[in-house]
Amino acid sequence: MTSNKGWFDRAQVVIPGGVDSPVRSFRSVGGTPLTITRGEGAYVDDVEGTRYLDYVQSYGASLLGHAHPLVVGVLQQAATKGTTFGAPTPGEVVLAEAMTARVRGLEQVRFVSSGTEAVMSAVRLARGQTGRDKIIKFEGCYHGHSDALLVAGGSGVAQMGLPGSAGVTAGAVQDTFVAPYNEVPTLDETVAAVLVEPVAANMNLVAPREGFLVGLRQECDRVGALLIFDEVITGFRLALGGAEEYFHVTPDLWCFGKVIGGGLPVGAFGGSRAILASLAPEGPVYQAGTLSGNPLATAAGLAVLNNVKPDDLAILSERVTNFASELQGAIRDAGLFALTPSVGALMGLYLARDEVTAPTNFDEARVLCENGLYAPFFHAMLERGVALAPGAYEILFVSLAHTREDLERTVSIAAEAAKAVTK
Ligand SMILES: *Cc1c(COP(=O)(O)O)cnc(C)c1O
């Protein structure tokens, strides 16, 4: 049994839909998902032995590329010493020190095991801290799959065409209010927190408009609400100091995941000591986890942070900027219209038949993501050895392992793929 089809058929018997996360299913692009056996740097291999240049990179969890020797090394070392204890370990302390040293204003973090848990816990902390109930989120932003935040989400929620999810009670979302991205909502004193992706990266890519983030900061301050940056994607990728360094706006609470686990399951939330003091055991807001601060995960995360220098991200960002403009040009020359907005090392890809302007919110992004052009383009790229995410609402993740040659090759393949789509 060595075909993708064989493995996916077998998976569907014992795993619902054959996947452990819906975006992996190819539901929105059609066809059979690749079953991956291994990765190396910018590349992944499937069970059929075909190698693909990978722009999924575990949806941003991999910054150094797959199976980076330094990460593999620390994991091998760590594994021999035991994988979980249910007690404090040096690794979590050192990773927390590394994070707080890089992100200005971040004084303490608590580790959890996923981005979902990080945001869910930050929201609970914000409510506990303020004694208020209401949360504001933005349409098309994805904050994990906790009940209260699974409304008007991006990524898989948008891809499946769902407004939210069955199984979420009206009660669970009654204190969640949804606003359009890039518009500063008027708040009142009943709002506990405003939750935002500082660069929206789950409705394809939507950049924050000039003044949006600082406007949120001011409006939160005006009514005593907390500002939460969901940096699960932007953290340690946009800049080593995250969105604060990039945009010079400081939130009250941060949520992290993806990059800080070095490919292992991790999340973290944090803020000032004063706010984090509300968390148990010091304060009344309960939060816990058997595998939280896991020694393998914190070792991998630390290896990543220790091996990424500010220069690396500056170079990556420049590389992505050039790649974005070349990719856009090549697709346009081939007869399709493309937009490739980028912010730092983050990059989106919208396809269109006619000229359009970059989306500024979910409604605008959705029109482009639903125009039917992404699926044939995706398959045309895949046939030529380039794996994009199997959904139009995702961004392209360029890792530090993607070479200039990899990106140049992608541009010429994209030109062929675009020609194939316009035929
Ligand atoms: C991926 C993501 C999450 C959820 O993280 P998981 O580890 O998948 O639970 C939350 N917020 C943002 C912005 C994300 O991109």
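## Around E92

Leaving out neighbours within four places in sequence, E92 is in contact (heavy atoms within 4.5 Å) with A87, F111, S292, G293 and T298. E92 itself belongs to helix 4, where helices (H or I, at least four residues) and strands (E, at least two) are DSSP runs numbered from the N terminus. P295 sits 203 residues away along the chain from E92, yet the two C-alpha atoms are separated by 7.0 Å.

A quick word on ground rules: this is a predicted model, with local features needing pLDDT of at least 70 and side-chain atom pairs counted only at pLDDT 80 or more, while totals for chains, interfaces and linings use all residues. Residues are numbered from 1 along each chain as its sequence is written, and side-chain values use heavy atoms, with hydrogens and water left out.

## Helix 11, mostly under cover

P295 and T298, both met above, turn up again among the buried residues of helix 11. Buried here means under 20% relative accessible area, with exposed over 50% and partly exposed in between (1.4 Å probe, protein chains only). By that count 11 of the 13 residues of helix 11 are buried, so the helix is mostly covered. The rest of the buried set is L296, A297, A299, A300, G301, L302, A303, V304 and L305. What do they pack against? The partners of the buried residues are helix 3 (69-79) and helix 4 (90-102).

The length works out too: helix 11 reaches 18 Å from its first C-alpha to its last, close to the expected 18 Å. That expected span is 1.5 Å times one less than the number of residues.

## Backbone oddities

The loop between helix 10 (273-276) and helix 11 (295-307) holds P281. A280 and P281 are joined by a cis peptide bond, with omega about 10°.

Helix 2 (residues 57-60) is worth a look for its phi values. Q57 lies in this helix and has a phi near 45°, positive although Q57 is not a glycine. Y59, also in helix 2, is another non-glycine with a positive phi, of about 55°. Are these two buried or exposed? Q57 is buried at a relative accessible area of 0%, and Y59 is buried at 17%.

## Helix 12 and its central leucine

Helix 12 has 24 residues, which should span 34 Å at 1.5 Å a residue; the end C-alpha atoms are 35 Å apart, in agreement. Its buried residues are L313, L316, S317, V320, F323, A324, L327, Q328, A330 and I331. After helix 12 comes G335, with a positive phi near 105°.

L327 is part of helix 12 and counts as buried at 2% relative accessibility. Setting aside residues up to four places away in sequence, L327 touches T340, M347, L349, T410, V411 and A414. By C-alpha atoms, L327 is separated by 29 Å from E244, 83 residues apart along the chain.

## Helix 15 and two partners

Two packed helices are described by the angle between their axes and the distance between the axes. The axes are lines fitted to C-alpha atoms over the stretch in contact, with angles from 0 to 180 degrees between N-to-C directions.

Helix 12 (residues 310-333) and helix 15 (residues 404-422) have axes that come within 8 Å and cross at roughly 20°. That makes the pair roughly parallel, a label for angles under 35 degrees (over 145 is roughly antiparallel, 65 to 115 roughly perpendicular, the rest oblique). On the helix 12 side, R319, F323, E326, L327, A330 and I331 meet R404, L407, T410, V411, A414, A415 and A418 of helix 15. These contact residues split into nine nonpolar, one polar and three charged. Nonpolar covers Ala, Val, Leu, Ile, Met, Phe, Trp, Tyr, Cys and Pro, charged covers Asp, Glu, Lys and Arg, and polar is the others, Gly among them.

Helix 14 (residues 374-383) packs on helix 15 at about 130°, with axes 9 Å apart. Helix 14 is therefore oblique to helix 15. Which residues of helix 14 and helix 15 meet? P376, F377, A380 and M381 in helix 14 meet T410, I413, A414, A417, A418 and V421 in helix 15. The tally for this contact is nine nonpolar, one polar and no charged.
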